[in-house]
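Morning, everyone. Please have the viewer open, and we'll walk through one structure together.

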Amino acid sequence: MLDEAARMTEMLVDNSAALSRLGLLIETVTASVAAISTAPSVIDALPDILTTLARVVRIDRVVMVETLSRSDGLYSHSRLFSWSASEGVHAPARAEALIPESDIAALQEWTLPLTRGQPVVTIRSSAPDAVQRLLSELGVLTSLMVPIMVEGRHWGRIGFDDCDSEHDWADDDIKLMTMLAQVIGAAITRERFRRQAQQREQLLQAVTNCAAQIGTAPDLRQAITRSLSIVAQAVAVDRILLMECFAGGADDGVPRTLLRNFWHAPETPLRLAQIAQTTALAPDADVAAWMAPLQRGVAVEGQLASAQGGVKELFSRLQARSVLLVPIMVDAHYWGHIGLDVCRHERVWSGAEVDVLRILADLIGTAITRERYLAELARADTIIQSSPTILYRLRGEPSLPMIYVSKNIARLGHDAAQLLGTPTLYRDLIHPEDREIVRVAMEQLLQRSAPASSVEFRMLTSDGDVRWFENCYTPVRDEAQRLVEIEGILIDISERKAAEVRIAQLARTDVLTGLANRMTFSDQLHQAFASAQRGSRPFAVLYLDLDRFKEVNDTLGHHAGDRLLQEVSRRLRDVTREIDLVARLGGDEFAIVQLGVSDSAAAGTLAEKLIEIVSAPYAIEGNDLRIGVSIGISMYAADVGSPDALLMQADQALYRAKHAGRGQYRFHSDEIDLEVREHMMLAEDLRSALARHELEMRYQPQVELASGKIVGMEALLRWNHPTRGLLLPEDFLPIAEKYGIMQQLGRWAMDTACRQMSLWRAAGMQVPVVAINVALAQIKMGREFVRDVIDSIARWGLKAGDIELDVTELVLARSTLAQSNVLDQLRRMGVGIAIDDFGAQYSSLDYLRSYRVNRLKIARGMIAAADAEPGGVAMVRAILSLAGELGIAVVAEGVETDTQRKLLVQASSHAQGQGFFYSRAVPADDTMPMLRAGVVRPDDPRIDRSLIDDPAAGVADTSKRDDSGASAVVGVKRAAAS
């Protein structure tokens, strides 16, 4: 007995130490996640984080590497960080050099799970030969590698090496390390998106500057050269070439290209000889096929690693790793292209970058078109008359009558003779909103010192369309400096203006969906906030996050995900008003500014519509897809400090909506901050509660109502908090679910209940079954939960039928089919299954068929209504009758009066029950008297009356009415679906 006690003590000490270490690891990972979330650069923050983590898990070395693609199709690795516990365990700087060529395939198979987002645990002695050789070279006995995934692709890994001993890693440790790697991947993704947005903004600004230079510079060649320099540096390329293409000559018919403008980085050679060789020779068939889309105005790109044949040779000759060609179209025909070369690394161009560069190509094409026409105008009047550039002359009188206009004014649908017949009629061709600007500009020329100038304005065509023109005019004066005439050129700049509008639109809209982007949303939010402060009607902010979108992306790919986002955006626009702003903030997050909202009812109504329309099925690429949306809502109030604070409130409300089960909406409240702080403090206490032996299991008898015979005991959890006193499950189990402590509590509660059952049996107490409540978090553990149940039963020498697992309808409804198989496995092993709180939520009879339950526990509320509401008894009788026909035992929860007991006995002589009428939940030692008696009768002198009607206990236990048979132990009942 002493040896057994010693072993039990040692086991408890080991368990406590393990839990304490796990708690420290959880705290360290939690702090690491917080540090990563707030760090300006995740790569810079990782050394300190990984060093601290390495000391907590007590390993000898940590190495973080990034996986890089090579031009030969293989992969290399770049070490970003390494840490060693001592000088003797440093990893070689180039570990790849230690790998024999014959081992490469085996090592790739060893690390293959990392590319799928799965961790790899390796013990050297049991590893394949190739892996053993590499680990021996590195001095590693035990290795854990967790993958870092960025945008769904393998980006790199973190390796934790033990150089002193071989051991297996605990599942909880692996999950925590994998979760941390996922957070790191998300942070890298976030930084990448932020960097791409910054690059896009820089590129848009660069193209805007180019548009101004190309549109106004007297020397187009110099302007284009300066523009190429600006754009090249904005997009970070090494070389940029402007090539003009000519049709084949009469001698050989082979098309040729000519280098017109170029720019290259100081450290990158232009390689003019290679370019000249390429332009002088007939194009390779592979190159011609690759460049063919340019003829249709479609950009093409290529990378050295994936190029084939002549294209690969061309890239090698120019020493370019990645190439993008953007066509320049002049008069709807292919004129040439802009070539952007990246020589130091391979690059994949985004659609947004290509679209902006297309605008630059259009600007150059328009400028080349304009220059061509100006040159033609200078050579011949006939050419001038057919050009889109309109010439005119005005007489130098105050009314500035028109005395000449080129015949190509007919392009706008106007007759030159009619304009000359009514010399001031031309003013009516100017857009009404621009007439005053033009009048003031032209009248300035009446002053003696006025120089040549220009003005941009809109002109009306004969059919009412609007075209933009640049009016370049020069005064002609006599010897006395009197104005004789004004000679002018009207240049159609409609394409340039359209390009400027497109640039502005790209800067303020989301490229994929066409919705407003984050910048536009922020501007509109600030405007609405300022207007509300000045007395305008209030507004609401709705923060939306799509549910299950990642599953679509991971399963069907990013193309299907993009199509789905576009369809969601269309539905959001359809259900909102024109005055409301709908924006995509990034990823699968959207936001809406709902204007003119005086109360929360309107915002709630809109949220319900959004949930309904987004949750409807989608037909994407032949697939019937279903997703959902969770929404957080914040209402404008005078005491909100800033627009950003209002958005943060909506984000917090969104978190509450997701925590409540997704597919819902929640409003923000002032108590959220306090609630969060309270939860965090309670979670910290709960992590160490097991080690401090603060948790306690209490037991409530389940009796045959007709005889009082004990037919089972239900185990109910309590927490003796050092400062808050006795806490009921509703006070702390939702916190355990939220902060990932539920599995630890579940294992403890399962083992404690089984241990007590074993002690009762050893003491000769005939307890038929002990009921243990199960939470959704435990069912989601799958096989691990089944193993926990089997281990506890075996450890305490019980049979499977000695325990019963109580699961609420809400938990069953929110567990997937695969997870529900867990209960079926346990039932086939002989473990009892009971549906708890039946009637409190769904009352679905399908659960009785699907899970073949042993017992049905009627919810306390239905028992209370049996003698208080019309029809209440009929409902209870119906359940008892149906269960009897199916051969299912029924336990009535919350039996508190003799009247209720009699009603149940009249309905069924086999009815069972539990509640305050018989006993509250009591410590294990206090169960012995009633168990020896074998029956519980409230008037039985052998039963301690304090177990039934102790006033103090009643106050403590009825605050949540948990001891009347509500959930507690292994999981949550009402909060289990969190």
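The protein has 33 helices and 32 strands. Those are DSSP runs, numbered from the N terminus: helices are H or I with at least four residues, strands are E with at least two. This is a predicted model, where local features need pLDDT of at least 70, side-chain atom pairs count only at pLDDT 80 or more, and totals for chains, interfaces and linings use all residues. Residues are numbered from 1 along each chain as its sequence is written, and side-chain values use heavy atoms, with hydrogens and water left out.

Overall numbers next. Of the 978 residues, 48% count as buried. Buried means under 20% relative accessible area, exposed means over 50%, and partly exposed is in between, with a 1.4 Å probe and protein chains only. Now contacts, meaning heavy atoms within 4.5 Å. Among contacts between residues at least 6 apart in sequence, 64% join residues at least 24 apart.

Now the sheets. Take the open one with strand order S7-S6-S10-S9-S8. It has 5 strands, and the pairing is antiparallel. Two strands pair if DSSP finds at least two bridges between them. Which strands stand at the edges? They are S7 (256-264) and S8 (300-303). Each has a single partner strand, so one side of each is left without a neighbour in the sheet. Neighbouring strands are turned by 20° against each other on average, direction ignored. For angles, axes are lines fitted to C-alpha atoms, for helices over the stretch in contact, and values run from 0 to 180 degrees between N-to-C directions.

Stay on that sheet. S9, residues 322-330, and S10, residues 333-342, run antiparallel and are joined by 9 bridges. Within that pair, Ile-328 stands opposite Gly-336 of S10. Helix H6 (residues 220-235) packs on the sheet. H6 touches S6 (239-246), S7 and S10, and its direction makes about 60° with that of S7.

Next sheet. Again it is open, with 5 strands and antiparallel pairing, and the order is S12-S11-S15-S14-S13. S12 (402-405) and S13 (453-460) are at the edges. Each has a single partner, so each has one side without a neighbour in the sheet. The twist averages 25° from one strand to the next. S14 (residues 466-477) and S15 (residues 483-492) pair antiparallel over 9 bridges. Glu-470 stands opposite Ile-491 in S15. Helix H14, residues 494-508, packs on this sheet and touches S13, S14 and S15. Its direction makes about 125° with that of S14.

On to parallel pairing. Is strand S30 largely enclosed or open? Of its 5 residues, 889-893, 4 are buried, so S30 is largely enclosed by the rest of the structure. S29 (residues 855-858) runs parallel to S30, with 4 bridges joining them. In that pair, Ile-858 stands opposite Ala-892 of S30. S30 also runs parallel to S31 (residues 912-914), with 3 bridges. There, Glu-893 has Gln-914 of S31 as its bridge partner. The chain gets from S30 to S31 through helix H30 (residues 898-907), and this β-α-β crossover is right-handed. That means, with the strands pointing away from the viewer, the path from the first strand over the helix to the second runs clockwise.

Look at the loop between H30 and S31: His-910 is found there. His-910 is exposed, at 62% relative accessible area. The C-alpha atoms of His-910 and Ala-889 are separated by 7.9 Å, and the two residues are 21 apart along the chain.

Last, helix packing. H22 (residues 742-762) and H24 (residues 783-795) pack at about 25°, axes 9 Å apart. They are therefore roughly parallel to each other, since angles under 35 degrees count as roughly parallel, over 145 as roughly antiparallel, 65 to 115 as roughly perpendicular and the rest as oblique. From H22, the contact uses Arg-747, Met-750, Asp-751 and Cys-754. The H24 side includes Phe-785, Asp-788 and Ile-793.

Glu-784 is in H24 too. Glu-784 counts as buried, at 11% relative accessibility. Leaving out residues up to four places away in sequence, Glu-784 touches Lys-175 and Arg-747.

One more residue: Met-829, in helix H26 (residues 817-829). Met-829 counts as partly exposed, at 35% relative accessibility. Beyond four places away in sequence, Met-829 touches Val-786, Ile-790 and Ala-800.
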